[in-house]
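This report describes selected strand pairings, residue environments and surface features of one protein chain. The discussion begins with a single arginine and its surroundings, and then turns to the sheets.

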Amino acid sequence: TLMYDDILNDKKLSQAAASFLVLPPRTYAIGEAAAILRVSTGAAAHILSRLVAQGLMRSFSKQGKKYFFFDNKHELPAWARNKIMKFKRKVDDRLGDDIKKLSAKAGFLSGIFAGQPTLPVDILLVGRVDLKKLDKFLEKWQGIMGMEINYSIMSEKEFLSRRNTFDR
């Protein structure tokens with residue numbers, strides 16, 4: 001229990017851990033994390049750094065910006081998860097909502113959003129995409145992430161062909 005006492009005895013840490021437990025597993029820029037946690041960017045950086053120290057979150061830097069993601073490899077005991085989840089509140093997946101607005105058949109996160117900033121593509125969109133909506137999406141999320149977002153669009157036929165041949 002000692003390992004989780006810092007989190008369980010601190011409402012802000014518990015709320016933060018609960019938020020990232022219910023959100024999709026992906027990378028969050030500090031500004032987005034601050035909005036999710038309803039705190040300043042400085043407070044968010046402090047909270048997330050403490051969760052990194054506890055082993056619940058991981059972080060990396062790219063182009064001088066810091067990004068955080070929940071460490072899914074960390075096996076949180078059920079009793080600790082249950083106590084933390086008592087602090088959960090409704091949290092919106094803004095990225096997922098915005099991807100749905102693009103009307104693609106599917107969207108896959110990679111690169112910066114998957115904690116792998118060296119990969120060449122950050123989002124793969126499958127199907128027809130309204131390019132004006134895509135431009136607005138990119139402008140918004142490049143601002144949030146603080147960097148250029150690389151994307152690829154492929155037809156459903158091409159995607160299925162590649163998937164069926166195990167093409168990564």
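Leaving aside neighbours within four places in sequence, Arg89 is in contact with Gln15, Ile36, Leu37 and Arg38. The model is predicted. Arg89 lies in the loop between helix 5 (78-85) and helix 6 (94-100). A polar atom of the Arg89 side chain lies 3.2 Å from the backbone oxygen of Leu37. Arg89 counts as partly exposed because its relative accessibility is 23%, and the buried class is confined to values under 20%.

One of the contacts of Arg89 is Gln15, a residue of helix 2 (residues 11-22). Gln15 has a relative accessible area of 18% and is therefore buried. Outside its neighbours within four places in sequence, Gln15 is in contact with Phe87 as well as Arg89.

Arg89 can also be placed relative to strand 5. Leu125, one of the residues of that strand, is 36 residues from Arg89 in sequence, and the C-alpha atoms of the two are 30 Å apart.

The strand pairings are listed below.

| Strands | Sense | Bridges |
|---|---|---|
| Strand 1 (residues 28-29) and strand 3 (residues 65-70) | antiparallel | two bridges |
| Strand 2 (residues 57-62) and strand 3 | antiparallel | six bridges |
| Strand 4 (residues 106-109) and strand 5 | antiparallel | four bridges |
| Strand 5 and strand 6 (residues 151-154) | parallel | four bridges |

Strands 1, 3 and 2 form an open sheet of three strands in the order 1-3-2, with antiparallel pairing. Strand 1 and strand 2 stand at the edges, and each has a single partner strand, so one side of each lacks a neighbour in the sheet. Individual bridges show the register of these pairings. Tyr28 has Phe68 of strand 3 as its bridge partner, while Phe60 stands opposite Tyr67 in strand 3. The hairpin of strand 2 and strand 3 has two residues between the strands, and Gln63 in this hairpin takes a positive phi near 50 degrees.

Strand 5 pairs with strand 4 in the antiparallel sense and with strand 6 in the parallel sense. Towards strand 4, Leu125 is the bridge partner of Gly107. Towards strand 6, Ile123 has Tyr151 as its bridge partner.

In what way are the two faces of strand 5 covered? In a regular strand the side chains alternate between the two faces of the sheet. Strand 5 (residues 123-126) has Ile123 and Leu125 on one side and Leu124 and Val126 on the other, and all of these residues are buried.

Tyr151, the bridge partner of Ile123, also belongs to a surface feature. Together with Leu131 and Ile153, Tyr151 forms a nonpolar patch on the surface with about 280 Å² of accessible area in total. Leu131 lies in helix 7 (residues 131-145). Leu131 counts as exposed because its relative accessibility is 53%, and the exposed class covers values over 50%.

Notes
Residues numbered from 1 in each chain as written. Predicted model: local features only at pLDDT ≥ 70, side-chain atom pairs only at ≥ 80, totals over all residues. Heavy atoms only, no water. Pairing = 2+ DSSP bridges. Buried < 20%, exposed > 50% of the residue type's maximum accessible area, 1.4 Å probe, protein only. Contact = heavy atoms within 4.5 Å. Polar contact = N/O pair within 3.5 Å; in protein donor to acceptor, adjacent residues only side chain to side chain. Patch = residues over 30% accessible without salt bridge, like charges linked within 9 Å, V, L, I, M, F, W, Y side chains within 5 Å. Areas by Shrake-Rupley, 256 points an atom, 1.4 Å probe, with all protein chains shown as cover. Salt bridge = Lys/Arg side-chain N within 4 Å of Asp/Glu carboxyl O.
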